[in-house]
Amino acid sequence: MYIFKSKEELQKHLAAFSKGKTIGFTPTMGALHLGHMHLIEQSNLKCDISICSIFVNPTQFNNPNDLAKYPNTLTTDLEMLENVKCDIVYNPPVNDLYVKGEKAKSYDFGSLTTILEGEFRPGHFNGMATIIQKLLNIINPTIAFFGQKDLQQLYIVKNLAKQMKSDTYIEGVETVRGKSGLAKSSRNKLLSENAKKEASLIYNCLNYCENNKAIGVTKLKSHIQKEFLKNENFTLEYAEFVALKTMLPIKDWEAVNQSAVCISAYHSGVRLIDNIIL
Ligand code: AMP
């Protein structure tokens with residue numbers, strides 16, 4: 001496995017060794033887990049060369065505290081990537097991707113950014129798109145892999161690739177969960193064992209929606225709100241039913257073919273998000 005700390009080294013290597021080969025790219029912020037590994041496995045299956053980037057992107061953190069406590073487990077990350085047979089890791093310092101003082105670009109993603117993470121994390125998607133645009137330009141992958149766990153991000157990146165007129169295909173990959181249903185997340189590392197157990201409430205609520213679709217959006221939403229009120233360690237930030245592709249809120253199923261229920265909640269100060277496509 002090659003590890004590159006600068007884009008020049010990475011691009012030099014790709015120019016020499018990737019001719020005629022397909023490149024699969026998985027961007028991450030490290031603190032890797034089985035969800036990330038699943039993305040790399042998909043990349044290995046579908047492409048000749050798999051590249052994973054590990055870069056905690058400062059411009060997508062609207063909360064400096066969240067950035068400061070973001071977990072860093074580089075040594076284990078590299079071992080996991082070696083084990084899953086990732087070919088190349090790009091792990092640059094901030095100044096390889098941003099000039100000093102550089103801010104996020106401003107994008108127009110229309111309805112995709114008006115609610116959910118767009119509403120509760122102002123500036124987050126501009127920061128995310130800024131770094132993804134840079135990485136796609138540096139690597140020019142055949143396919144880039146993104147988790148459905150960050151559903152809104154997935155649709156925004158698809159839109160970004162279109163705006164960039166990029167040849168890269170943006171592939172969504174299913175969410176990997178633990179036995180209790182809790183979605184794998186780097187932030188789970190910040191939860192106590194008891195908090196992890198309680199956090200399965202998020203999946204239980206999503207699952208309830210899937211199994212009780214017939215009772216309608218309004219009743220499902222109030223079921224979720226009631227469940228979260230029962231546990232004082234949890235603060236529900238949003239429980240929203242949205243149309244896939246536009247990410248606009250829906251009040252009933254009739255208007256759309258495919259929808260999703262998305263939840264964001266804080267448990268013991270840790271922000272967790274998850275969703276299910278209905
Ligand atoms: P992050 O390191 O959190 O920025 O995530 C990097 C990529 O991994 C994103 O495309 C995420 O959507 C994806 N990802 C995170 N958690 C999971 C999971 N549990 N299952 C599948 N993909 C995930």
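## Exercises on cavities, a pocket and a helix crossing

In this structure helix 7 supplies six residues to the lining of the largest cavity, the largest share. The model is predicted: local features require pLDDT of at least 70, side-chain atom pairs count only at pLDDT 80 or more, and totals for chains, interfaces and linings use all residues. Residues are numbered from 1 along each chain as its sequence is written, and side-chain values use heavy atoms, without hydrogens and water.

**Exercise 1.** Determine how many cavities of 30 Å³ or more there are, and describe the largest cavity.

*Solution.*
1. A cavity is a set of points, on a 1 Å grid over the protein atoms alone, where a 1.4 Å probe fits but cannot get out; lining residues have an atom within 4 Å of a point. The count is two cavities of 30 Å³ or more.
2. The largest cavity holds about 880 Å³ of space, a volume being the space filled by probe spheres set on the points, with grid points joined across faces, edges and corners.
3. Its lining has 47 residues, and Met29, His36, Lys149, Asp150 and Gln153 are the closest to its centre.
4. By class, this lining of the largest cavity has 22 nonpolar, 16 polar and nine charged residues. Nonpolar means Ala, Val, Leu, Ile, Met, Phe, Trp, Tyr, Cys and Pro; charged means Asp, Glu, Lys and Arg; the others, Gly among them, are polar.
5. Domain 1 (2-173) and domain 2 (186-277) both contribute lining residues, so the largest cavity lies between them. The domain bounds come from an automatic or database domain assignment.

**Exercise 2.** Characterise the second largest cavity by volume and lining.

*Solution.*
1. The volume of the second largest cavity is about 50 Å³.
2. Lys149, Leu182, Ala183, Ser185, Asn188, Ile202, Leu272, Ile273 and Asp274 form its lining.
3. Strand 9 gives the largest share of that lining, three residues. Strands (E, at least two residues) and helices (H or I, at least four) are DSSP runs numbered from the N terminus.

**Exercise 3.** Describe how helix 7 and helix 8 cross.

*Solution.*
1. The axes of helix 7 and helix 8 come within 11 Å and cross at roughly 50°. Axes are lines fitted to C-alpha atoms, for helices over the stretch in contact, and angles run from 0 to 180 degrees between N-to-C directions.
2. Helix 7 is therefore oblique to helix 8; angles under 35 degrees count as roughly parallel, over 145 as roughly antiparallel, 65 to 115 as roughly perpendicular and the rest as oblique.

Methods. On a 1 Å grid over the protein atoms alone, a cavity is a set of points where a 1.4 Å probe fits but cannot get out, and a pocket is an open set with protein on both sides within 12 Å along at least five of seven lines; lining residues have an atom within 4 Å of a point.
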